[in-house]
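Subject: Handover of a structure

Dear colleague,

Please find below the structure that I am handing over to you. My findings follow it.

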Amino acid sequence: MRFPKLAELRSAFGQFTREPGVRLRFAALLCAATESIFLKRALILSSPITAFLIWTVVCFAVAVMGAVLLRR
């Protein structure tokens, strides 16, 4: 059994992370992790319905701003 060399592993990982879909998935994981921290705190400090409504409105506003900025 032959183990790959370190340079081969770096090259494979580099090629893997150059894919746009992979980059977007990593970005989505990062956003979801960050979002879960704030959402957990919001649920602890307020009622679930209030936290849900505020969260959906804020996320919609961020999505609209992102769509407008990326459209240019």
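The term pLDDT denotes the predictor's confidence in each residue, on a scale from 0 to 100. It applies here because this is a predicted model. Among the elements of the protein, helix 3 (residues 48-71) has the highest mean pLDDT, at 90, whereas helix 1 has the lowest, at 68. The average for the protein is 82, and 85% of the residues score at least 70. Where pLDDT is low, the predicted coordinates should not be read in detail.

As to the fold, the protein contains 3 helices and 0 strands, so that its elements, read from the N terminus, follow the order α-α-α. For helix 2 (20-45), the length can be checked: its 26 residues, at 1.5 Å a residue, should span 38 Å, and its end C-alpha atoms are indeed 38 Å apart, which agrees. Helix 2 is also hardly covered, with 1 buried residue among its 26.

Burial is likewise low in the protein as a whole, where buried residues make up 4% of the 72 residues. The accessible surface comes to about 6,800 Å², and carbon and sulfur atoms account for 73% of that area.

On this surface, Phe13, Phe16, Phe26 and Leu29 make a nonpolar patch of about 450 Å². Helix 1 (6-18) and helix 2 are the elements that each give two or more residues to this patch. Phe13 lies in helix 1.

Yours sincerely

Terms used. Residues are numbered from 1 along each chain as its sequence is written. This is a predicted model: local features need pLDDT of at least 70, side-chain atom pairs count only at pLDDT 80 or more; totals for chains, interfaces and linings use all residues. Side-chain values use heavy atoms; hydrogens and water are left out. Helices (H or I, at least four residues) and strands (E, at least two) are DSSP runs, numbered from the N terminus. Buried means under 20% relative accessible area, exposed over 50%, partly exposed in between (1.4 Å probe, protein chains only). Accessible areas come from the Shrake-Rupley method with a 1.4 Å probe; for residues, only the protein chains shown count as cover. Patches are made of residues with over 30% relative accessible area and no salt bridge: like charges are joined within 9 Å, nonpolar side chains (Val, Leu, Ile, Met, Phe, Trp, Tyr) within 5 Å. A salt bridge is a side-chain nitrogen of Lys or Arg within 4 Å of a carboxyl oxygen of Asp or Glu. The expected span of a helix is 1.5 Å times one less than its number of residues.
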